[in-house]
Amino acid sequence: MDMDSIRSACLNCELCGLASGRTRLVFGDGNENAEVMLIGEGPGEQEDLQGIPFVGPAGKLLDTMLELIDLDRSKVYIANMVKCRPPHNRDPKDEEIACCRPWLERQIKVVSPKIIICLGRIAACSLIDSKFKITREHGQWFDKGGIECTAIYHPSALLRDPGKRPETFEDLRGIRQKIRDICVRTYDSIPSGNT
Ligand code: URA
């Protein structure tokens, strides 16, 4: 299946209760040939209205974080654990994540990333380890079926608690180094002397 076919099929999805509350389904954004994939939690208010992941306040911060390591949305692919907005921005439930998982798996298969960056605890617990502790394990690397996976604090957490930003800056430096080590296209046009 190619990404357009997955998106078309997903647009009709009513596998869980979140479908009835959505304004728009938030499928994914960015470069489907990217070597780096970012996976968040679920759409917020702005994402639900626009149908694009990370376009609200957390998304603005995410764009800045990407810029810090010479990335932008043309160089990565961004998706969420669930594609419909949970009411009142509550955490998605395990069963909602499970219902949505096959869509995400198909997206991961198409993108075939070398690196997955989990944005926050929810994605890390689903994709890396159900016992993942974001406070202790952010920035560490885990090989999951040949894909190098890491997790950083969710941008919303960084908006709530700017004290976490220095640690995240270090994590971003680690991500940039990992990209330099194992990716071949992502930094193609970026001089290597950039620190
Ligand atoms: N938070 C997320 O986890 N994903 C979005 O798309 C927006 C906010």
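Two strands pair if DSSP finds at least two bridges between them, and strands (E, at least two residues) and helices (H or I, at least four) are DSSP runs numbered from the N terminus. The model is predicted, so local features need pLDDT of at least 70 and side-chain atom pairs count only at pLDDT 80 or more, while totals for chains, interfaces and linings use all residues. Residues are numbered from 1 along each chain as its sequence is written, and side-chain values use heavy atoms, with hydrogens and water left out.

**Exercise 1.** Work out how strand 1 is joined to strand 3, and which strands stand at the edges of the sheet.

*Solution.* Begin with the whole sheet, which is open and mixed in its pairing, with six strands in the order 1-3-2-4-6-5. Strand 1 (29-30) and strand 5 (142-144) stand at the edges, and because each has a single partner strand, one side of each is left without a neighbour in the sheet. Next, look at strand 3 (residues 76-80), which runs antiparallel to strand 1 and is joined to that strand by two bridges. Finally, find D29, whose bridge partner in strand 3 is I78.

**Exercise 2.** Determine how helix 1 and helix 4 are arranged relative to each other.

*Solution.* First take the axes, which are lines fitted to C-alpha atoms over the stretch in contact (heavy atoms within 4.5 Å), with angles running from 0 to 180 degrees between N-to-C directions. The axes of helix 1 (residues 3-11) and helix 4 come within 10 Å and cross at roughly 170°. Angles over 145 degrees count as roughly antiparallel, under 35 as roughly parallel, 65 to 115 as roughly perpendicular and the rest as oblique; helix 1 and helix 4 are therefore roughly antiparallel to each other. Lastly, list the contact, made by M3, I6, A9 and C10 of helix 1 and by W103, R106, Q107, V110 and V111 of helix 4.
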